[in-house]
Amino acid sequence: MAPHGDKSDAAEETMVAEAEKRPISTILIVMAMQSEALPVVNKLNLSEDLESVFPKGVPWVRYRGFYKDLNINLVWPGKDSSLGVDCVGTVPASLVTYASIQALQPDLIINAGTAGGLKAKGACIGDAYVASDVAFCDRRIPIPVFDLYGLGLRQAFSTPNLQKELNLKVGKLSTGDSLHMSTQDEASMVANDAVVKDMEAAAVAYVADLLKVPSVFLKVVIDIKDGEETTAEESLQSFAALERAVTQVIDFINGKCLSDL
């Protein structure tokens, strides 16, 4: 007789395999900033959910609607109630992701946004990347095993057909809570062979992994961490490139199963 653990593992694997063969229906798009989210909201013709599925008092914002055959939910953490700025960083991202998964039960998560890129790794402003792996670059715990926990390395859901069809670049993604990249952060990124850096993906990946929801990470380079400063025009171009990339990904996903990605 097989051990109980073996039975439960086999049952879980069967459920995952069956889920990957069902057409994708509900998508959760997690974004960090209003300036990133609104062009996508307008392009997909989404409407703000005024009867929030979130706890009373939180600033989190949800837009929803149907795009072709897909039920689209786009969320971002909103603005800080005291300072009025976007709630960027890993803590707001993890909270809104957890609450959204619990409320909406998505088939797939897309964490989309802008990111810094490393010129030395071939990144250019406006490049769209799909992350192969995500990890933290600023959680340094120099104790055996805890160091691996701090790194928090996780694989994104594999999307070879998506990458090929849309000609997206593929690379490793690092996440840190500081916009500025310290020398220690840079060393961590280099050690992890990262190409791009953002402020939320690894936190989204942590929650998605806990709750067993496939996740894809789509990032457009808005500035070069090891190069010259970005101009205002280049920033606007990056936001436009992000909207195009998200729309192309949604168009590709429509009518497909997870196993088709």
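## A tour of salt bridges and a nonpolar patch

Start by selecting phenylalanine 146, which you will find in helix 4 (helices, H or I, of at least four residues and strands, E, of at least two are DSSP runs, numbered from the N terminus). Before moving on, note that this is a predicted model, where local features need pLDDT of at least 70 and side-chain atom pairs count only at pLDDT 80 or more, while totals for chains, interfaces and linings use all residues. Residues are numbered from 1 along each chain as its sequence is written, and side-chain values use heavy atoms, with hydrogens and water left out.

**Stop 1: the patch.** Phenylalanine 146 has a relative accessible area of 48%, so it is partly exposed (buried means under 20%, exposed over 50%, partly exposed in between, with a 1.4 Å probe and protein chains only). Now add Ile143 and Tyr149: together with Phe146 they make a nonpolar surface patch of about 330 Å². Such patches are made of residues with over 30% relative accessible area and no salt bridge; nonpolar side chains (Val, Leu, Ile, Met, Phe, Trp, Tyr) are joined within 5 Å, like charges within 9 Å. The areas come from the Shrake-Rupley method with a 1.4 Å probe, and for residues only the protein chains shown count as cover.

**Stop 2: lysine 169 and aspartate 127.** The structure holds 10 salt bridges, each a side-chain nitrogen of Lys or Arg within 4 Å of a carboxyl oxygen of Asp or Glu. Select lysine 169 and aspartate 127, whose closest N and O atoms are 2.8 Å apart in one such bridge. Because lysine 169 lies in strand 8 and aspartate 127 in the loop between strand 5 and strand 6, the pair ties together parts 42 residues apart in sequence. Lysine 169 is partly exposed at 33% relative accessibility, whereas aspartate 127 is buried at 16%.

**Stop 3: arginine 140 and aspartate 185.** Next, pick arginine 140 and aspartate 185, which meet in a salt bridge at 3.0 Å, N to O. Arginine 140 sits in the loop between strand 6 and helix 4, and aspartate 185 in helix 6, 45 residues apart. Is each partner buried or partly exposed? Arginine 140 is partly exposed at 44%; aspartate 185 is buried at 4%.

**Stop 4: glutamate 200 and lysine 219.** Here the closest N and O atoms of the salt bridge are 2.7 Å apart. Glutamate 200 is in the loop between strand 9 and helix 7, and lysine 219 in strand 10, 19 residues apart. Glutamate 200 is buried at 4%, and lysine 219 is buried at 1%.

**Last stop: a network.** Finish by selecting Asp49, Arg62 and Arg64, which are joined into one network by salt bridges that share partners.
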